[in-house]
Amino acid sequence: MTCPSELSYSMYVDGALPAEEVVSLMAHLKTCEHCQSLLTGLTLEREVLTTALQQTDEEIVVPKFRRSVSLRTLLGFFAGAIAPLWGIRTVWGAVSSFSIPAGLQWLNPFDAIGLMDLAFSSVIGLFYEGTTMIDSIVTSIGTSIFVALVAWGVFSVVKRRTGISVLASVALLIMVAPSLQAFEIQRSDEFVNVAAGEVIDDTLIAMSDSVTVDGTINGDLVALARRVVVRGTVNGNLLTAAESVSVEGRVTGTVLGFARSLDFADGQIGRNLYGFARDISTNTETDVEGNAAVFAEEAELEGQIGVDLIGFAEELELSGNVARDFTAFAESVTLQAPARVNRNLTAYLASEDDLRMAPGTTVGGTTDTQIVDDDGPRNRYLSDDFYMLQALRLGAAFVTGLIFLWLFPVLRTVAVGKGSEGLKTGGIGLLALIATPILIVIAAVTVVGIPLALMSVALFLTAIYLAKIVSAVFVGRVLLETSNRHYAIILLAGLVAVLIAINIPFIGGLLNVLLTILGLGIIAELVMAQSRARS
Amino acid sequence: MTQEESFEELYRTHYRRVFGLCRKLLGTPDQAEDATQEVFLRAHRAFKGYDREQSFSGWILKIAGNFCVDVVRRRTKERQLLGEQAAEAQEAESDAPTAVGELIASEQAEQVRGAIESLPEKYRIPLVLAYYGDSSYDTIAATLGVSRNHVGVLILRGKQQLRRSLSESDEENSG
């Protein structure tokens, strides 16, 4: 009779032999002395191995448990470190100058200006301040990441972790490389000026009260300022946001401008013009070689447009030359001599009378007036764009919500008390919604309060956006009747419900306000509870 | 005791055992220390989901075994960690069963440990997991991604090689 293999005995000793094989093995063992001694040897061997492995001559010191540094901790650290620094810097800047900074004059309530101007200036001012703020935050974060990467790289080299040190070095190179040559940033409180004869061979990003270009920029120009004037040449694109923009020189690329007034008198634009402004004007010398798309209250267009012109405006006046089609969506469209549209003119208007064509104007192709039904807006629920927009909103809110729920786990389990507790939450929310803007305005009246007001505006806007996300979590929890599901599912369910609710005709707006109040109330209560717990 | 405190307590009581496993699977004390920290970090992250009915020792040693095997796998890269099962089985079967226990019973524990350390990884890992990590063949099979029988073959091959190297050093000592 053949003996079972040594493998079978070895597995038997380790208790790993299947039961059915154990039976036949035992039967064989009774009659085979050779196998009996093999089994004894293997059993002894197992004991020796186990004992030998358990013993150790090494002195093992238990080090302190090093907790992992999670991304959340890092983010918290950066936010905690950067926010106070930035706050101190801003407050110090405002106090030490002891006057309202030029860029912030619009915030002075005694400087009587029209509501429209105030609103417009606010946007520009916030944008200007915002970019400065983002810039300083980005610099701080960038520096911190840079330092962390260097430390990480050094640590990896010391620990001989080749892969990680290579990764760290590559990350460093990627960070450093663009700052070596990609673009130039000029920032100043007063003005940035590229003087006549001066040449900048880079993309120029200029942020200031006024940006003037008399020289040449061989690259793109990104200008954020109160006033932007281009008299020289930009051999690239011009991207600008300002109170007033004037392009009198030459831009070989595309111009994308957001401003209160966009003026292109004598300007030469090599490619397309996209203008968003209250007033847009071009003169007879203006030459746009590509398309022009203008969104404005009043647009007065002279000069040449090399391809098509499309205009959205209240009043649209054309006295120049359009090489191809002219499409207008406007309250009134006027063609003054010597206007010439080489191909078709299509105007979307409330009535045929709103299109006025003075003698001496020509349309090469057809003139078509589309009457837009002014009885009411088109049913928005029937357009694809509406659903696309809602999907975008949902996506954005979901991603933002996830980040915030991840950062602040306390928000995942929001609840509103029953009866009077619920009313209290609502009351606090309403108070926050009404009182915060008032407090911001009061803070803005005092000079020192301006930075505080600015920060509060940003915080308040963030809180309003968050409020809906928080109320969505609440709604999601109510709908799913459980808190055991992952917070992402609860958030998604809540967001879908909220998005549908606020789009219900007639009562959607009211629901929107109520949900915002509810969310603000929950946030305010959480903040109060946290500060109470701390004290 | 909070969850954090109880984890730190478990860390202190089980550190040496986990370190020992990592040390035997990976080789150097430096690597073992890093690996042990990483194993406890992973355990810390997964601690909420840990089934309290299960022994902590078994749970953490399993995490450690999986982690170290991954480390070794990355280290060996193209080098095949585990040979073809058929070839191993054939070789193992072809060894004639011999009386074995006595051969290494007389050895000093230190010599045995030295011999285990110099075993090829493919034998050392399952052997250490079984006799130090208290892992079952099924657990080892899952960790290594091989069959249970293959685990048995690898362990037996490891033991056979141990016997050979210990009897050789015996001869050297006596000669």
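Let's start with Arg343(A), which is partly exposed at 39% relative accessibility; on this scale, buried means under 20% relative accessible area, exposed over 50%, and partly exposed in between, using a 1.4 Å probe and protein chains only. Its salt-bridge partner is Asp325(A), with the closest N and O atoms 3.7 Å apart. By salt bridge I mean a side-chain nitrogen of Lys or Arg within 4 Å of a carboxyl oxygen of Asp or Glu. Asp325(A) sits in the loop between β17 (321–322) and β18 (326–335) of chain A, and Arg343(A) in the loop between β19 (340–341) and β20 (345–349) of chain A, so this pair ties together parts that are 18 residues apart in sequence. Helices (H or I, at least four residues) and strands (E, at least two) are DSSP runs, numbered from the N terminus.

A quick word on what you are looking at. This is a predicted model, where local features need pLDDT of at least 70 and side-chain atom pairs count only at pLDDT 80 or more, while totals for chains, interfaces and linings use all residues. Residues are numbered from 1 along each chain as its sequence is written, chains are lettered from A and ligands numbered from 1 in the order in which they are written, and side-chain values use heavy atoms, with hydrogens and water left out.

Back to the charges. How many salt bridges does a search of the whole structure find? There are 17 over all chains. One joins Arg46(A) to Asp14(A), at 2.8 Å from N to O. Here Arg46(A) belongs to helix α3 (residues 33–54) of chain A, and Asp14(A) to the loop between α1 (6–13) and α2 (19–31) of chain A, 32 residues apart. Asp14(A) is buried at 15% relative accessible area, whereas Arg46(A) is partly exposed at 27%.

Over in chain B, Arg17(B) and Asp134(B) form a salt bridge of 3.2 Å, N to O. This pair spans 117 residues, from helix α1 (residues 3–26) to the loop between α7 (121–131) and α8 (137–144) of chain B. Asp134(B) is exposed, at 56% relative accessibility.

And there is a network of salt bridges too: Asp209(A), Arg226(A), Glu243(A) and Arg260(A) are linked in it.

Finally, let's leave the charges for Leu495(A), in helix α10 (residues 487–502) of chain A. Is Leu495(A) buried or exposed? Leu495(A) is buried, with a relative accessible area of 6%. Beyond its neighbours within four places in sequence, Leu495(A) is in contact (heavy atoms within 4.5 Å) with Leu394(A), Ala397(A), Phe398(A) and Ala472(A). The C-alpha atoms of Leu495(A) and Ile469(A) are 7.0 Å apart, with their positions 26 residues apart along the chain.
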